[in-house]
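Student: Could you take me on a close look at the empty spaces inside this protein? I would like to know what lines them.

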Amino acid sequence: MVKKIDMPDKVTSTERFSTKWGLILSVLGIAVGTGNIWRFPRIAAENGGETGAGAFLIAWVTFLFIWSIPLIIAEYGIGRNGRKGVIGSFIKMTSEKFAWMGSFIGFVATAIMFYYSVVAGWCLYYLIESVFSTLPENVEQANMVWEGFQGSMLPSVFHLIMITCGGLIIIKGVKSIERINLILIPSLLLVLVISLIKALTLPGSSAGIVYLFTPDWATLKEPGLWLEALTQNAWDTGAAWGLILTYGAYMRKKDDIAISAFQTGIGNNMVSLMAAVIIFSTVFGTLGGMNMSDGQILDVMRDSGPASTGLTFMWMPQLFQEMAGGKIFAILFFLGLTFAAFSSLISMIELATKVFVDMGITRKKATIAVCTAGFMFGLPSAVSLDFFANQDFVWGVGLMASGGLISFAVIQFGADKFRNTLVNNEESRFKLGRWWVFIIKYVVPVQVITLLAWWIYLSATSFAPDTWYNPLSPFSVATVLVQWGIVVVLFKIYNRRIAQKTILN
């Protein structure tokens, strides 16, 4: 039997969020980001059927309650109990021999950070573009701006700017994170509400809303839709990234874990729906006026760059072109989008930084190392959208594996014990029920195993029978398994060293 490690709190464990709102807005800073505004509308468009995308929304909301919120509760509890980063807190929940699992969870979020910083750079570029350039009047002009930007060195430059700015915040610690999110998140929400009101006034916008919320029931039979719905909900909420776990280390004992988890998950998904309504209203309202059919409009939405990466950046400027005072609203929107991207980016930098701080490295040195690595490993995604799409695919699916590992940690600790001692403490106002134990012990593992097995089988037999085994094919099963395998093998080899460094410091 392996002994569980009881690690003493270090100096860094005295850092706490000063208020409940500081915690909630900082965690919303993780959750409310470009995953809501940039990623969610394009994933909904890609998974919509002939009559609508409502079936995707049904699957997406389902996973909010049987995946995201249960795992957010687990992350809050693991982080507050461990008072360390993702590896140290994972070890305290399980044992030293499972350090490699905590390392994998942390790496998935860090791998996403590499290319997420690139997306944050796009946001900053479009903010500057909206200030100093005229808004595009049609699809062709919008496409020229997007392709001209992607064909230059500017994505790499803005990637560097954003990851450097994130590092400057992280160097100063949790108080700096709290202060900046108290500004960024309310500003973003205000801008989105203004944009929503304007979008709904566009002629033809109702067609986009009808399509978004109309279910095409046949699409629920497709495993790809369920896989995309799960990974998107994880993207939306930040569940299973280890980011909420990291911020949970700074959570006060009197903060209610269950209430905070529901506030985080539901509030975040409402923002995603708001963003989707804005984007779908814009595209249908703009192109519908050009006598394009719904099918033609959807083809355009699905073809806005590889994996529709240009959707938000191509169509939002046209929304503002249709408005009175659109220039001002364009600036506000891309300012809000940049804020959203930046708040999420700093949480990813903090996750990796805290891991190294737990190992005895100073916060300053750890931050510089993380940001330097982030810039270097993010460069391929800045240069190639195809490489970017591959990384989004590989590590987006990786969030499912991370969720399974977090569930494993709770099971190792004892799910009932976790609920009774770490969540339902004397300070909690809302008592978490046994339904959570059932979901975390059985439903989450079944989701991971079933969806991964289903996806692998159909990829090999139906989706990509000729390329599923080719690791150089960007969307194959092999590229996922090879990249995951390399990371897991390395962490397994260095498991003992990682654990000892984390425990002793």
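Tutor: Happy to; we will go through the pocket, then the cavities, and then a helix contact. Keep in mind that this is a predicted model.

Let's start with the open space. The largest pocket has a volume of about 870 Å³. Its lining is made of 33 residues, and those closest to the centre of the pocket are Phe-107, Thr-110, Phe-114, Phe-356 and Phe-491. Several helices share the job: α4 (86-93), α5, α15, α16 (363-383), α17, α20 (477-493) and α21 (495-504) each give two or more residues to this lining. Sorted by class, the pocket lining holds 24 nonpolar, seven polar and two charged residues.

Now for the closed spaces. Two cavities of 30 Å³ or more turn up in the model. The largest cavity has a volume of about 90 Å³, and you can find its walls by selecting Tyr-126, Glu-129, Ser-130, Thr-134, Leu-135, Pro-136, Ala-142, Val-145, Phe-313, Pro-317 and Phe-334. Helices α5 (99-132), α6 (139-150) and α14 (311-321) are the elements that give two or more residues here, and α5 provides the largest share of that lining, with three residues. The lining of the largest cavity comprises eight nonpolar residues, two polar ones and one charged one.

The second largest cavity comes to about 70 Å³. Twelve residues line this second cavity, and Ile-30, Trp-235, Trp-241, Ser-344 and Met-348 are the ones nearest its centre. Two or more residues come from each of α1 (20-31), α2 (34-46) and α15 (326-358). In this second lining, seven residues are nonpolar, five are polar and none is charged.

Trp-235, one of the residues nearest the centre of that second cavity, also takes us to a helix pair, as Trp-235 of α10 takes part in the contact with α17. The axes of α10 (residues 223-237) and α17 (residues 385-413) come within 9 Å and cross at roughly 85°. With that angle, α10 is roughly perpendicular to α17, because angles of 65 to 115 degrees count as such. On the α10 side, the contact uses Leu-227, Leu-230, Thr-231, Ala-234 and Trp-235, while α17 brings Asp-392, Gly-396, Val-397, Leu-399 and Met-400. By class, the residues of this contact are seven nonpolar, two polar and one charged. Helix α17 also links back to where we began, as one of the elements that give two or more residues to the lining of the largest pocket.

Methods:
Residues are numbered from 1 along each chain as its sequence is written. This is a predicted model: local features need pLDDT of at least 70, side-chain atom pairs count only at pLDDT 80 or more; totals for chains, interfaces and linings use all residues. Side-chain values use heavy atoms; hydrogens and water are left out. On a 1 Å grid over the protein atoms alone, a cavity is a set of points where a 1.4 Å probe fits but cannot get out, and a pocket is an open set with protein on both sides within 12 Å along at least five of seven lines; lining residues have an atom within 4 Å of a point. Grid points are joined across faces, edges and corners, and a volume is the space filled by probe spheres set on the points. Helices (H or I, at least four residues) and strands (E, at least two) are DSSP runs, numbered from the N terminus. Ala, Val, Leu, Ile, Met, Phe, Trp, Tyr, Cys and Pro count as nonpolar, Asp, Glu, Lys and Arg as charged, and the others, Gly among them, as polar. Axes are lines fitted to C-alpha atoms, for helices over the stretch in contact, and angles run from 0 to 180 degrees between N-to-C directions. Angles under 35 degrees count as roughly parallel, over 145 as roughly antiparallel, 65 to 115 as roughly perpendicular and the rest as oblique. Contact means heavy atoms within 4.5 Å.
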